[in-house]
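Open the model in a viewer and show side chains as sticks. The tour below goes from one charged pair to the next.

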Amino acid sequence: MIHAEGVAEVTDATFDAEVLGTGLPVLVEFTADWCGPCRQLAPVLSAIAREEADRLKVVQIDVDHNPGITSRYAVLSMPTLMVFQDGEPVKSMTGTRPKRRLLQELEGVLPTAV
């Protein structure tokens, strides 16, 4: 898996506890080793995980090693980004994007900074 620095990896076994059982919104990247655009997205996810840590949890899941969660959410393309809030998916995006655009797309689901 292409690992984004500072971004935790979740698995089929840990997904529910790490993603659905948290108070913060969670951005999940569905990724794979063979995914070129996922490589481009890794530094963007690292930066967002660092800069928005008080408002957003960012995790990655390897689709090749975790088919259960991948199937549960009908993920077919990599990278797929899904935002989960209160245990439910509230936003889904496919493909790579620059940091500014991703932050704009996340504005509606992130709690306002205090």
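This is a predicted model. A search of the whole structure finds six salt bridges, and the stops below include some of them.

**Stop 1: Lys57 and Glu18.** Select these two residues. Their side chains form a salt bridge, with N and O 2.9 Å apart. Lys57 belongs to strand β3, residues 57-62, while Glu18 belongs to helix α1, residues 15-20. The pair is 39 residues apart and links distant parts of the chain. Are the two buried or exposed? Lys57 is partly exposed, at a relative accessible area of 23%, and Glu18 is partly exposed too, at 33%.

**Stop 2: Lys99 and Glu51.** Select this pair next. The closest N and O atoms of the salt bridge are 2.8 Å apart. Lys99 sits in helix α4 (residues 99-106) and Glu51 in helix α2 (residues 36-51), so the salt bridge ties together parts 48 residues apart in sequence. Lys99 has a relative accessible area of 30% and is partly exposed; Glu51, at 40%, also counts as partly exposed.

**Stop 3: Glu105 and Arg101.** Stay on helix α4, where both of these residues lie. They are four residues apart, about one turn of the helix. Their salt bridge has its closest N and O atoms 3.8 Å apart. Glu105 is partly exposed at 21% relative accessibility, and Arg101 is partly exposed at 39%.

**Stop 4: add Arg97.** Which residues are linked in a network of salt bridges here? With Arg97 added to the selection, the network consists of Arg97, Arg101 and Glu105.

Technical notes:
Residues are numbered from 1 along each chain as its sequence is written. This is a predicted model: local features need pLDDT of at least 70, side-chain atom pairs count only at pLDDT 80 or more; totals for chains, interfaces and linings use all residues. Side-chain values use heavy atoms; hydrogens and water are left out. A salt bridge is a side-chain nitrogen of Lys or Arg within 4 Å of a carboxyl oxygen of Asp or Glu. Helices (H or I, at least four residues) and strands (E, at least two) are DSSP runs, numbered from the N terminus. Buried means under 20% relative accessible area, exposed over 50%, partly exposed in between (1.4 Å probe, protein chains only).
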